[in-house]
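Work through the exercises below with the sequence and the model side by side, trying each task before reading its solution.

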Amino acid sequence: MTTRSVVLRPAAKINLTLRVGPRRADGYHDVRTLLQSIALGDAITFTRRPGPLSLQSRAPGIPADRTNLVLRAAEALWKAAGRSGEPRDVHVRLEKQIPAAAGLGGGSADAAAALVAFNGIWDLRRQRKDLIEIAATLGSDVPFFLYGGTAFATGRGEEVYPVDDIGRLGVVIIKPSFGVGTPDAYRWLDEDRADGAEPSLKFDHGRANRSVDVGWATGPIEIVNDLEAPVARRHPGIGEMISACLREGALTAAMTGSGSAVFGLFSEANAKRAIPKLQRPDWLVVLSRTLTRKEAERRTGV
Ligand code: C5P
């Protein structure tokens, strides 16, 4: 790397499908999920300068200490490369656009981009498969962000299988003022299953079609998230956001990951038209679209 600074713009994800199995002995749940990169990204500037590694972030609620996934990624990579002492010689500026505690993978996307950036800056020459291994130690969905585009993931989410790009769709993200912690969402699912609660809720009296044609020759896919009903029971705002998307012409709408954000899938033109009608003081409403793998890779620098 010859330039002093490099800027990466890791893209957020939505879960088009998220099926969750029972709790495993290690506390995680087996999942089968179809992940999709979207055009909503943080900006991370990595600048070489001598001295200890440092991180600057003005975003409220985002830690700038060693619990930040960007710094944890740096440490994990530094150690895996057998370097001694503390990671050094880089200043990181993190500008958040991806809401936190939303199910959009913001921290994980940043961590994956950090692995790529530090690998280059420190000239470690680790291969992608090594970065993927380190990524899995940082969080279940971090490996996905080293591929991007459309991908299936299994295991606890860390085994990633890239698949064909879907056709371009408009995506509207709504993030309410509350967030949801991932461990809470999984725990609520376990509790609801133990109580025999309904696995899914119908937010528009059953009229919504949860299948969407994404341009695959194999036909439409079912948009379903097993964490949605458990979270929506405890946070009725989830149902309100999904219903609002459907009312404004979404092909379908669902919660992403463990929430609290929901996404509506639209044609690009309809997504744009829906934005002004979805405004509420307690909602952050973002216009986005699906990304191809190439587009996602360009942002993460893979
Ligand atoms: O892997 P990650 O750190 O993102 O997971 C956070 C928490 O979410 C885990 O400690 C676990 O409680 C829950 N989780 C789970 N099953 C998964 C992924 C996450 O139970 N497949």
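The exercises that follow go from a sheet to its helices, and then to the two domains and a loop.

The model is predicted, with local features requiring pLDDT of at least 70 and side-chain atom pairs counted only at pLDDT 80 or more, while totals for chains, interfaces and linings use all residues. Residues are numbered from 1 along each chain as its sequence is written, and side-chain values use heavy atoms, with hydrogens and water left out.

**Exercise 1. Determine the strand order of the open sheet of four strands, and find its edge strands.**

Solution. Begin with the elements themselves, which are DSSP runs numbered from the N terminus, a helix being H or I over at least four residues and a strand E over at least two. Two strands pair if DSSP finds at least two bridges between them. On that basis the order is S1-S4-S6-S5, with mixed pairing. The edges are strand S1 (5-8) and strand S5 (54-57), each of which pairs on one side only. Neighbouring strands of this sheet are turned by 25° against each other on average, direction ignored, where axes are lines fitted to C-alpha atoms (for helices over the stretch in contact) and angles run from 0 to 180 degrees between N-to-C directions.

Next, take S4 (residues 43-52) and S6 (residues 88-95), which run antiparallel and are joined by seven bridges. Within this pairing, Thr 45 has Arg 93 of S6 as its bridge partner. Helix H2 (residues 106-121) packs on the sheet, where it touches S1, S4 and S6, and its direction makes about 45° with that of S4; contact means heavy atoms within 4.5 Å.

**Exercise 2. Describe how helix H1 (residues 69-80) begins, what it packs against and what comes just after it.**

Solution. At the N-terminal end, Asn 68 caps H1 through a side-chain oxygen that lies 2.8 Å from the backbone nitrogen of Val 70. The buried residues of H1, meaning those under 20% relative accessible area (exposed is over 50%, partly exposed in between, with a 1.4 Å probe and protein chains only), include Leu 69, Val 70, Leu 77 and Trp 78. The buried residues of H1 pack against S5, S6, H2 and helix H3 (128-138). Just after H1, Gly 82 takes a positive phi of about 75°.

**Exercise 3. Is H2 largely enclosed or largely open?**

Solution. Count the buried residues: 14 of the 16 in H2 are buried, so the helix is largely enclosed by the rest of the structure. Just after H2, Asp 123 adopts a positive phi of about 55°.

**Exercise 4. Set out how the two domains are placed, and then examine strand S15 (residues 283-289).**

Solution. The domain assignment, which is automatic or from a database, gives domain 1 (5-164) and domain 2 (170-289). Their centres, taken over C-alpha atoms, are separated by 24 Å, and 27 residues of domain 1 are in contact with 30 residues of domain 2. Strand S15 pairs with strand S9 (residues 170-176) in the antiparallel sense over seven bridges, and Ile 173 stands opposite Val 286 in S15. Because five of its seven residues are buried, S15 is largely enclosed by the rest of the structure.

**Exercise 5. Where does Gln 279 lie, and which backbone oxygen lies 3.0 Å from a polar atom of its side chain?**

Solution. Gln 279 lies in the loop between helix H7 (268-274) and S15, and at 44% relative accessibility Gln 279 counts as partly exposed. The backbone oxygen in question belongs to Ile 275.

Technical notes
Expected span 1.5 Å × (residues − 1). Polar contact = N/O pair within 3.5 Å; in protein donor to acceptor, adjacent residues only side chain to side chain.
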